[in-house]
Amino acid sequence: MSYTTDLIKNVSIAGHGGTGKTTLFEHLLFVGGVIPKPETVESGKTVGDSSPEEIDRKISIHAALAHIERKGKKINFFDTPGSSDFTGDVILTFRASEFVLLTVDGRAGVQIETIKLWRNLEGRKKPRGVFITKMDDERADFNKTLADIKDKFKATPVILTLPMGKGASYQGVIDVLNEKAYWVQGEAVEKEGAIPPEYQDAVAAARERLIEAAAEGNDALMEHYIEQGSLDAAELHQGLVEALADHKFVPAFAGVSLKNSGLIPLVDFIADIGPDPRSAKDVSREADGTLKELPIDPDRPLAALVIKTTYDQFSGKLSWVKVINGRLSADSEAFNVSENKKERIGKLYTCQGKKLEEIRELYAGDVGILSKSATLNTNNTLTAGNASLTFVPLRLPEPVHSVAVNAVAKKDDDKLGEFLLRATDEDKTFRHAFNPETKETVIFGMGELHVNIILDKIKQNQKIEVETHIPRVPYRETITKKASAEYTHKKQTGGHGQYGKVVLEIAPLPRGEQYKFINAIFGGAVSRGYIPGVEKGVLEGMAAGVMAGYPVVDVEVKIVDGKEHPVDSSELAFKLAARNAFRESMRQAAPTLLEPIMNITVFVEDKYLGDVMSDLSGKRGKILGQNSMGGGIEEIRAQVPQAELLRYSIDLRSITSGTGSFNVEFDHYSPISGKIADEVIKAAQSFRVQETEE
Ligand SMILES: Nc1nc2c(ncn2[C@@H]2O[C@H](COP(=O)(O)OP(=O)(O)OP(=O)(O)O)[C@@H](O)[C@H]2O)c(=O)[nH]1
Ligand SMILES: [Mg+2]
């Protein structure tokens, strides 16, 4: 069934790993009548964690989508992964949702991934709430968790549901807005009842806060509130809608998903107060290149965005689309602006996890799935054909963990290549690249777990046997002083001979200037026609330096003299002479190795600050600065050699118990000497020996 824009709500459930997102999602689907019985994450049968890799590891890895109907509204829920290795899928659901519900473990308080997600949501000005989970645990503490939220988010949570008891004596929640209690009913759906007298004061106080929050909705309401000291039901409703859409307060819920508790007041709130897609905008780039905010509007011509691509064993390629403008209809024709191609829309679906349900139409604001699309890729824009806008691609964090991989059998090379291509379409935080210099295929993921999951798929699903190793560092060589050398290439025994003499002068260039070639021949000792041959020879010499065979950079090469033979000289002879002259001069020019230095930014909880800093120093790193990000998170900026960072995601994980994260990018090349250089030279010799053996 299709829902019109005013009847749609999109909610992303996100938060630190293990806080109970998938369990909440599962029980919401149960309470919403979508599934007959909720399953546990441990059983491997939940709607949210349905892929083999999720069932195997008992954690979420991919975003899942399902919906319930409540009060005539279609509520799309996204279950998202908690591990920072899979943030890409969380962020794409943020874009597709008008409301984000952050789960906070009632025992542990706000954890680091949730703080990072909060910061991302701040940037998007996205309305958000919190759901405090696991209130049935003795260690859970509602008030302490609220205080932690206040402290770490610098925002005031407004209580929408108040838990009745905790641990073994947990009984249910009170819906502060609608003034009802909801009692746990064993495995059944919670039951509505009167508020017990002992909670009445607490509810009255919470309700007062709620009315204050509603009064912030607009100026007229605030005036009214100041005059009358209260708001009526309609004003309260309107005020909450407006204040939430503007992210003026953070609704706080509590519950026990496993007991279906706290869920009805939650979905009622979303249905009644949750942001309407029409209050949200997406960002598009117009034909003239300007960026524009495009409101979600069913009355404009079709514009939709592909937010995700998955490949299903039975249904093949599935493109997840969020309709921003107009309607998307099954069996119609649209235009893929990003690829500049017509796209035939065949079947259209909504989904309940992996289960697809065919529909005729998706209205603006809704999220659905297109199957077997011929042209659509993630981030593509689909329009009615005459609109020339494209949506701005989602900004995702850069992958930081890399592994070199190659198929053991040559015949699997193509299959591996195809798989990697598809994997990058499914997952925009995964990359792969062939490095012609080191002759390796390197895959990049957000962390070791992310990369290992891809490797498992290669081995188990694709049945490709692969070898992996730490990627080689792209070292460079350069010179540190001027030198000159001459070389004569001469073969004049019998037949057509070869002759060319080249005298070169070389000098260091500033870092980053790469290469400069100067023809400084006076008096025609070498004819002009041979100079291109000389330059080719120099470039060949520079392609593999004399120290360890790495490319040579930042050198000025001048040909100052030479000699030619009227019959035996040729371009080839000059090329060979120049290559050897270059190598000879480089040996005289105090050559040195250069290593890539990376800029790294690390985010850690303050208790790990010292350990992380001393680890970076131990990695030959230079700390550039440090500052506090709030919420107990510290940012450290440093420069560290790439060679020391190849396994940094693993090291950081172990130092910070999995809570730290980092970004890294290339900055510059810097000379190395002594023992470190000796080791690079030795390693280069050994891999060159291997290469010749192959
Ligand atoms: N006691 C109790 N345990 C819960 C509750 N909700 C979830 N859990 C348990 O917490 C564990 C983690 O739950 P998940 O639903 O997988 O958490 P998640 O946030 O989806 O985890 P990731 O997807 O890995 O980030 C499971 O063992 C759940 O059974 C709750 O309300 N009470
Ligand atoms: Mg999960």
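Which residue in β27 stands opposite H401? It's G445, and the briefing below sets that pair in its sheet before turning to two helix pairs. This is a predicted model, where local features need pLDDT of at least 70, side-chain atom pairs count only at pLDDT 80 or more, and totals for chains, interfaces and linings use all residues. Residues are numbered from 1 along each chain as its sequence is written, chains are lettered from A and ligands numbered from 1 in the order in which they are written, and side-chain values use heavy atoms, with hydrogens and water left out.

**The sheet**
- Four strands make an open sheet in the order β26-β27-β25-β28, with antiparallel pairing (strands are DSSP runs of E, at least two residues, numbered from the N terminus; two pair if DSSP finds at least two bridges between them).
- β26 (431-435) and β28 (466-469) sit at the edges with a single partner strand each, so one side of each lacks a neighbour in the sheet.
- β25 (residues 401-407) and β27 (residues 440-445) run antiparallel, joined by five bridges.

**Helices α12 and α13**
- α12 (residues 531-543) and α13 (residues 571-588) have axes that come within 7 Å and cross at roughly 40 degrees (helices are DSSP runs of H or I, at least four residues; axes are lines fitted to C-alpha atoms over the stretch in contact, and angles run from 0 to 180 degrees between N-to-C directions).
- The two are therefore oblique to each other (angles under 35 degrees count as roughly parallel, over 145 as roughly antiparallel, 65 to 115 as roughly perpendicular and the rest as oblique).

**Helices α6 and α7**
- α6 (residues 200-215) packs on α7 (residues 219-228) at about 135 degrees, axes 8 Å apart.
- That makes α6 oblique to α7.
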